[in-house]
Amino acid sequence: MKEGFEIIDTDMISQELLQPGKENWKKVVDEFGKEILNKDNTINRRLLGQLVFQNPELLDRLNKITHPSIRQQWKKKASEIKDKDPEKQIIVVIPLLFEEKLEKDFDKILCIGCSPSVQYKRLLDRGLSFQEIKNRIESQWSLEKKMELSDFVFWNDGSIQLLYDQGHIFLNKLQSDKTGSSFLGK
């Protein structure tokens, strides 16, 4: 659902930068050791997540290693888009927007939330344990705080179609208002 908007997803950028030989891959392996590697030299993200989400110091170290280059990449992509089309509206998806104090970089902020039970079910379906889920959720700001600080909120307890419907309404409003040149979701 791009609807004429460009979407920059920082999770995708993060994954790209963690590929073998890429900038963040070397830094993360140097910091956390070769024990976090799979046989094909890719980073075992589940193992890395288990390490850092149970230890705030390690999570902070990982974030300090990876976030600067992720930020540099999304800003570069946004600049390239604007150079090609100054009128183009951009959505930048940043899960840790508030934690990283990046909200000032955006005209509008969209938060997508769901109930704790739905969040747990979705993460369990991805293979995480209850403890891993608890650790990840506790490492972030509360959803309530993020919702309070956001300009718009989608509630995502329903079907994917309901989320798309909310998105279409939201994007139509933005296009008709022409109020936001860049904003974020997640």
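**Overall architecture and helix packing**

The protein chain comprises eight helices and five strands. The model is a predicted one. Read from the N terminus, the order of elements in the protein chain is β-α-α-α-α-β-β-α-α-α-β-α-β. With a radius of gyration of 18 Å, close to the 16 Å expected from the globule rule for 186 residues, the protein chain is as compact as a globular protein of that length. Along the principal axes, the C-alpha atoms occupy a box of roughly 50 × 40 × 25 Å. Buried positions make up 38% of the 186 residues of the protein chain. Among contacts in the protein chain with a separation of 6 or more, 68% link residues 24 or more positions apart.

Two helix pairs were examined in detail. Two packed helices are described by the angle between their axes and by the distance between the axes. In the pair formed by helix α1 (residues 10–17) and helix α4 (residues 56–84), the packing angle is about 120° and the axes lie 10 Å apart. Because angles over 145° count as roughly antiparallel and those from 65 to 115° as roughly perpendicular, this geometry makes α1 oblique to α4. The crossing of α1 and α4 is right-handed. On the α1 side, the contact is formed by T10, I13, S14, E16 and L17, which meet S69, I70, Q73, W74 and K77 of α4. Classified by residue type, the contact of α1 with α4 contains four nonpolar, four polar and two charged residues. The nonpolar members are I13 and L17 in α1, together with I70 and W74 in α4, while the charged members are E16 in α1 and K77 in α4.

The second pair consists of helix α3 (residues 45–53) and helix α6 (residues 130–138), which pack at an angle of about 60° with their axes 9 Å apart. Helices α3 and α6 are therefore likewise classed as oblique to each other, since the angle falls neither under 35° nor within 65 to 115°. The crossing of α3 and α6 is left-handed, whereas that of α1 and α4 is right-handed. Helix α3 contributes R46, G49, Q50 and F53, which meet E132, N135 and R136 of α6. The contact of α3 with α6 includes one nonpolar, three polar and three charged residues. The nonpolar residue is F53 in α3; the charged residues are R46 in α3 and E132 and R136 in α6. The polar residues are G49 and Q50 in α3 and N135 in α6.

Technical notes
Residues are numbered from 1 along each chain as its sequence is written. This is a predicted model: local features need pLDDT of at least 70, side-chain atom pairs count only at pLDDT 80 or more; totals for chains, interfaces and linings use all residues. Side-chain values use heavy atoms; hydrogens and water are left out. Axes are lines fitted to C-alpha atoms, for helices over the stretch in contact, and angles run from 0 to 180 degrees between N-to-C directions. Helices (H or I, at least four residues) and strands (E, at least two) are DSSP runs, numbered from the N terminus. A crossing is left-handed if the near helix is turned anticlockwise from the far one by less than a right angle, and right-handed if clockwise. Contact means heavy atoms within 4.5 Å. The radius of gyration is taken over C-alpha atoms; the globule rule is 2.2 Å times the number of residues to the power 0.38. Buried means under 20% relative accessible area, exposed over 50%, partly exposed in between (1.4 Å probe, protein chains only).
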